[in-house]
Every structure is written in structure tokens, then in C-alpha cells.
Amino acid sequence: MYNPFNSNIHEAERYTNGDWFFKLFGSNGSDKRIMSEKERLEAVMCNPAALKVFKLQCDMFSLGDIKAIRNEKPQPNDKILKFLKSPNPYQTHRQYLWDYMFWNMLGTAYLYSSSKIIKDSTVQYFLDPSRFVWTEELLHKLDTNILSKKAFSDLEKLTIQYYNLDGSYTKYQLSEITPFFDLSNGLGNWYRGSSAIDALYKVICNSGASVTAKGINLEFSGKYFITGQHKEGDIYGTPMATDEKDNIEKSVRSGKPVHAIKSMVDLKRFVENIDKLKLDEAYFSDYFKIASMYGIPKDVAEAYAQGSTYENQEKSKAAWIEQSLAPKGEDLMDGLQKIFGYQESNIDLVISWNHLSFMQVFERDRAAVKATQLANLNMAKEMGILSEADVLSRGKEIFEL
């Protein structure tokens, strides 16, 4: 939302759907961009480096396994697990998780739920943030701190318009939409999160420019120019006539092995050595910067690149899951619990990737630590430091019994 008291704002433009486009003064005097949701979406979908990072993150997140737990015991027949296998007529469990992570990475994932009770007619969809119409009146109300349950209840009754591609609008109550944020949602609209894409704007632009530059240079690397040779100080040489030029161009394109020409010529490429431009290096450098912003380790991002052993890759993947994907998964599980009232039913929804082969690296490490701890306990018992009862008690703690 536009803040007239922000002295760093150089220019603000309002779109018809309620989005603001900001230009900010930077320390170096150059303009910096805060993009609309539509611009963020286009920036990712039209850039191979950014889209590759998004696809890598979303593909991995979609492999998560959701379980319902009550008193530390799985509930395999819980109704929410059946529901999430096909949350709407168009998507499976995997695509549902994929969409959540995709929109979350763009800034905010908006989950629409047709009901807060799981029944045959209940559906859930992740909505496209760029289609929301944030009116001035709604923005003012979403920029205030709520101090009571009644005020929050009143706020949830407000409606927001959602633009459909056929030109129509759908109205949703805020109570029907659950937002999940990548970054903070406390910057002017409690229902709208900020996005890392804004900080990556120049990186994405540079990446796109390097791809375009490579295409142009590849095109010109197949083109040549021919010049006549003149002796230094020769003031009597005449410029190449049109007929002579046309004859040389036809000759070099023919299949004849020998060509007779009036004078010596030089044949050169427009682009002699495309490798010297290091355009691929520039592209991958930007790709790694984007991946780093989203917590993806470099050796995972470069897909088993040279210099990373298999074991290191496995540990990097496991760390990536634990530090980047798992917190986002917990946010989604908390949201689902709140929507369907699972907090009152004493059931926890848990998403994990422990079933994936590379996650066994952590399990092996944990088992090795436990084995060392048990060996130390037995040694302490033999030395008379600990009693058998102490060893049994501490052993149960190790195995969390």
C-alpha cells in the first residue's frame, strides 16, 4: 500500500486491480522496483533460471507425505488424508502441494476452501494472487491492527473480488481464504506477503539478458564478413565494386574447391570466440543466486555438479528439506488444522520427506550417535559410575521411550 510518508518512494503507480508499482530511490541513485503479483509471475515464467529454481523447489516439496497423528499414533484412515488425495476435481495430492510452494515462493499462497467441514462437496484451490482486486476501502481495513476477536470476525466477513479470464468476477469472503506467506505479511496488508522476487529483479533481468545475448551471438557466429587486402600506403586502390562484391559472395557459398579472384581477401566471423564472452557462466551465476535466496544448497542446485561427492549431495538435500521445505510444510499443516478444526480434535497433521532415500543419511547419523551413547553408558556401568537402573533410565531417554 502506498505510504506518502516514505521518503524513499520516488514514484508510485496504481493498477486497476489495486496493485501498486513503486519506484524507490536507492543509495546509488538508481531506481529499484517493487513489482505487482502479475509482474512477479511473468518474471518467473519467462526466465529459465528462475523457473528452474521454482521447479526444483516445487518438485521436491510435492513429494511430501502427509500423515494424521493422534497421541503419537498415525491415523491412516482419517478423512482429511482421503480428501487431500483429490482436493478438487482437477488436481491430485502432488499437484496441490506443488501449487502451494509455487505461489508461496512468489510471495503469498492463497488457499480457498469451500467449507470448513470435510464432506463430499468440499473442495480446495490455490488462487492466483494476480487476479485479486484490492480496493482502496479494503486495503485501509487490512492495514490496521486487530485488538479483539469480534473485530477479527468482522474483518473475515469482508469480501474481495477475484478476476476470471472470461471477464467475470467471483466474490470471496476473507474467511474462505487462508494466506500462507514466504516473507513478512506485516508491511501494510495482513493478507498480502512481500516477495523475494523483488530483491531478485535485477538478477532475473541479467539472467534473461545473458540468454538473449547468447542467442544473438550464436546467430552472428554463423555469419562472416569479407574484406579486400590493401598494401599500406597504396593510394591507387579502388573500392570494391558491387559486381565484384556479389561475385565474391556467390563464390564463397558455392561448392567449388578452387576460386579465382582479382585480389586477396580476408574471411572472418562476426563472432570469433563465443566462449570468451562467458555467457553460460553469467547465466549459471544468476541461477545460483536465485537458488540461494530460496535456501537451495549450491551442490543441489547444480544437480550433482563436479566437485561434490554423492554423500555430500545426500546431506545437502536432507539439510535443504529440514531447513527450507519443512518449515513451509508446517505452515501448510497448521493452516489445514485451523481450517478443519483439527486443533480441537487433538489430531496433528504432519508432512515429512523421511520416506525418500536420501533422508536416510540423517537416520544413519542418528543411529551412530545413539550407538556411541549406549556404549558410553555401558562403560560407565562397568566402571561403577552408573548403576544398572541409571543406565536403563538414560537409555530410555536416548530412544525417547
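**Close-up views of a predicted chain**

The chain has 14 helices and 14 strands; these are DSSP runs numbered from the N terminus, with helices (H or I) of at least four residues and strands (E) of at least two. The model is predicted, so local features need pLDDT of at least 70 and side-chain atom pairs count only at pLDDT 80 or more, while totals for chains, interfaces and linings use all residues. Residues are numbered from 1 along each chain as its sequence is written, and side-chain values use heavy atoms, with hydrogens and water left out.

**View 1. The whole chain, before we zoom in.** Of its 401 residues, 39% count as buried (under 20% relative accessible area with a 1.4 Å probe, protein chains only; exposed is over 50%, and partly exposed lies in between). Among contacts (heavy atoms within 4.5 Å) between residues at least 6 apart in sequence, 65% join residues at least 24 apart.

**View 2. An open sheet of three strands, with a helix packed on it.** The strand order is β7-β6-β11, and the pairing is antiparallel; two strands pair if DSSP finds at least two bridges between them. At the edges lie β7 (124–127) and β11 (177–181), each pairing on one side only. From one strand to the next, the twist averages 25°. Helix α4 (residues 93–106) packs on this sheet and touches β6, β7 and β11, its direction making about 135° with that of β6 (axes are lines fitted to C-alpha atoms, for helices over the stretch in contact, and angles run from 0 to 180 degrees between N-to-C directions). Four bridges join β6 (residues 108–113) to β7, and Leu111 has Phe126 in β7 as its bridge partner.

**View 3. Gln91, in the loop between α3 (79–85) and α4****.** Gln91 is buried, with a relative accessible area of 14%. Its side chain joins that of Asp99 in a polar contact of 2.6 Å (a pair of N or O atoms within 3.5 Å; within protein, one must be able to donate a hydrogen and the other to accept it, and residues adjacent in sequence count only if both atoms are side-chain atoms). Leaving aside residues up to four places away in sequence, Gln91 touches Lys85, Ser86, Tyr96 and Asp99.

**View 4. Strand β9 (residues 159–163) and its alternating side chains****.** Ile160 and Tyr162 point to one face and are buried, whereas Thr159, Gln161 and Tyr163 point to the other and are not. Tyr162 stands opposite Phe132 and also opposite Thr170 in β10. Five antiparallel bridges join β9 to β10 (residues 169–173). In the hairpin of these two strands, Gly167 takes a positive phi near 95°.
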